[in-house]
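Open the model in your viewer and keep the sequence panel beside it. The tour below goes from one selection to the next and says what is found at each stop.

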Amino acid sequence: MVIHPQHAKLTDKEKTNICYLSFPDSNSGCLGDTQFCFRFRQSSSRKLSWHCLLDQFDRDLPIYLKKDPAYYYGYVYFRQVQDKTLKRGYFQKSLVLISKLPYSHIFHTVLGKIAPEYFEKNEPFLEAACSDIDRWPPPVPGKTLNLPIMGIVMKVRIPTCHDNPGTTQVIQSTQQTDTQVSIALPTVHEVDLFRCFLPVFFHIQMLWELVLLGEPLVVMAPSPSESSETVLALVSCISPLKYYSDFRPYFTIHDSEFKEYTTRTQTPPSVILGVTNPFFAKTLQHWPHIIRIGDIKLSGEVPKQVKVKKLKNLKTLDSKPGVYTSYKSYLNKDEEIIKQLQKGVQQKRPGEAQSIILRRYFLELTQSFIIPLERYVASLMPLQKSISPWKSPPPLKPFNQEEFMKTLEKAGPQLTSRLKGDWIGLYRHFLKSYNFDGWFRTRRKEMTQKLEALHLEALCNEDLLFWSQKHTEVETVDLVLKLKDKMADGENLPVKPGTVEKLQMHIDSIILALPEDLQGILIKTGST
């Protein structure tokens, strides 16, 4: 195992996980070049400090692209070709790019440029590629970045949380010079949604429900590329909601969490696993929902309608493709989207266009579901007039499930979705899930920060110098110390422009009005 850059440190456990996950199972029979990705847990002994550089960019990213501090992604380019000069009779090698960022399209494109040449030229070529990557600008959300890699410049825009969901900003390709061509990447992270869902085409709505509810789900596929793409497609189908449970685009029997995830002594965890080893057909047959996919075809012919199969019929990985579950969907089936996509296939509509239609369908379904929750949670915020500069901000009202359910009668998903069915049952199930817990914790944190920001702005609008002149020195010193703490927090709060500077002016003017000995102490206490 060779690591570049050489100063990058991985624990032994991380190295072992990477080694096992970087190669397809022997039964996959992946001849030629294969690309796929995996995700693995960061060792608990590792310090998190070196990731703080990415934290400043995380703030403006859409929630589903924010890095998870506990996990790494591995992007793999694997080659297996016959070579009679080798003992095994095959040349087998993988080039793996490890990152905290879920930018699968960028990194697979990079590996596509580096790996074929690396397999021919070895180490010096890899060092040259690393030197190119070292020159990349930071991944600032909203900016179009020029990323040089081996004589080519990739142009890509990192999305922001302020973009309208479902929209993509087009980047123009340009000829840089005679030697440098630029290629524009249409996305940083999206997979070919239509191609991934094609084998289970008639069950897309049920799969959306299973992912939304964080149900345990296994994807059994013939190769790591199909398993990883399908898992990423499933996780992305509830966008702009973030999938908060664990997901493993490619999972093997050697994974350090293998025992934890396959034990029969407890109910299967809320996780999506992508597997290729036939052993899993037996090991995971107690899981409630299993997707079996065959080879994903590029042409995009729609399979014949397949009924949902009972789990007891799944004996081996050779079982027919389909969805094996006893789950009954809460919502009635949407025949419109099926007809629209079938028509697209008959008319030979490009796969990219089919994916756009499918992505928009999932987006509208998710938004119809989440808007009533957003509306109710916004009502938990205290009124702005109740925020006093001289008291702590009032707390948020607690989430009351029954109170929320009552709001659905007049302001439920029926306002934006034509779908009928048991929406109430779907919400009740969702409120018990990891996805709700993660979503609500994030919203509560955002709203608490908003309250703190409003409190800070209210303080800035007061005449604090006048207040300090009417109070004792002890009370004034206490106020200055509290204001300094507020100012440190203010850097991370959604305050109006100029608020932090205004607060600094208040602090300076109060300190200057104090005796000199106190001024010296307060100026040294924290940065002013």
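Contact, as used on this tour, means heavy atoms within 4.5 Å. Keep in mind that the model is predicted.

**Whole protein**

Start with everything shown as a cartoon. The protein has 18 helices and 11 strands. Of its 528 residues, 49% are buried. Among contacts with a separation of 6 or more, 72% are between residues 24 or more positions apart.

**Stop 1: helices H10 and H11**

Select residues 335-346, which form helix H10, and residues 351-378, which form helix H11. Which residues of H10 meet H11? They are Ile-337, Gln-340, Leu-341, Gly-344 and Val-345, and on the H11 side they meet Gln-354, Ile-357, Leu-358 and Tyr-361. By class, six residues in this contact are nonpolar, three are polar and none is charged. The two axes come within 10 Å and cross at roughly 175 degrees. Angles over 145 degrees count as roughly antiparallel, and H10 and H11 are therefore roughly antiparallel to each other.

**Stop 2: the sheet E1-E2-E3**

Now select 32-41 for strand E1 and 90-99 for strand E3, then add residues 71-82 for strand E2. Together these three strands make an open sheet in the order E1-E2-E3, with antiparallel pairing. E1 and E3 are the edge strands, each pairing on one side only. On average, neighbouring strands of the sheet are turned by 20 degrees against each other, direction ignored. Strands of a sheet pair through backbone hydrogen bonds.

Between E1 and E2 there are 10 bridges. To look at one position, pick Thr-34, which stands opposite Phe-78 in E2. Then add residues 104-121, helix H3. This helix lies across E1, E2 and E3 and runs at about 40 degrees to E2.

**Stop 3: strand E10 and its two partners**

Select residues 289-292, strand E10. Which way do its residues point? His-289 and Ile-291 point one way, Ile-290 and Arg-292 point the other way, and all are buried.

Add strand E7, residues 217-220, which runs parallel to E10 and is joined to it by three bridges. Then add strand E11, residues 322-325, which pairs with E10 in the antiparallel sense over four bridges. Ile-290 is a useful residue to centre on: Val-218 stands opposite Ile-290, and in E11 the bridge partner of Ile-290 is Tyr-324.

**Stop 4: helix H13**

Move to residues 423-430, helix H13. Its buried residues are Trp-423, Gly-425, Leu-426, Tyr-427 and Phe-430. Show what covers them: this includes helix H6 (204-212), H11, helix H12 (401-411) and H14.

**Stop 5: Asn-435**

End on Asn-435, in helix H14, which spans residues 434-460. Is Asn-435 buried or exposed? Its relative accessibility is 1%, so Asn-435 counts as buried.

Show its surroundings next. Leaving aside neighbours within four places in sequence, Asn-435 is in contact with several residues, including Val-211, Leu-212, Leu-213 and Gly-214. Further contacts of Asn-435 include Ile-238, Lys-242, Tyr-243, Tyr-244 and Ser-245. Phe-430, listed above among the buried residues of H13, is also in contact with Asn-435. For a last distance, pick the backbone nitrogen of Tyr-244, which lies 2.8 Å from a polar atom of the Asn-435 side chain.

Conventions: Residues are numbered from 1 along each chain as its sequence is written. This is a predicted model: local features need pLDDT of at least 70, side-chain atom pairs count only at pLDDT 80 or more; totals for chains, interfaces and linings use all residues. Side-chain values use heavy atoms; hydrogens and water are left out. Helices (H or I, at least four residues) and strands (E, at least two) are DSSP runs, numbered from the N terminus. Buried means under 20% relative accessible area, exposed over 50%, partly exposed in between (1.4 Å probe, protein chains only). A polar contact is a pair of N or O atoms within 3.5 Å; within protein, one must be able to donate a hydrogen and the other to accept it, and residues adjacent in sequence count only if both atoms are side-chain atoms. Axes are lines fitted to C-alpha atoms, for helices over the stretch in contact, and angles run from 0 to 180 degrees between N-to-C directions. Angles under 35 degrees count as roughly parallel, over 145 as roughly antiparallel, 65 to 115 as roughly perpendicular and the rest as oblique. Ala, Val, Leu, Ile, Met, Phe, Trp, Tyr, Cys and Pro count as nonpolar, Asp, Glu, Lys and Arg as charged, and the others, Gly among them, as polar. Two strands pair if DSSP finds at least two bridges between them.
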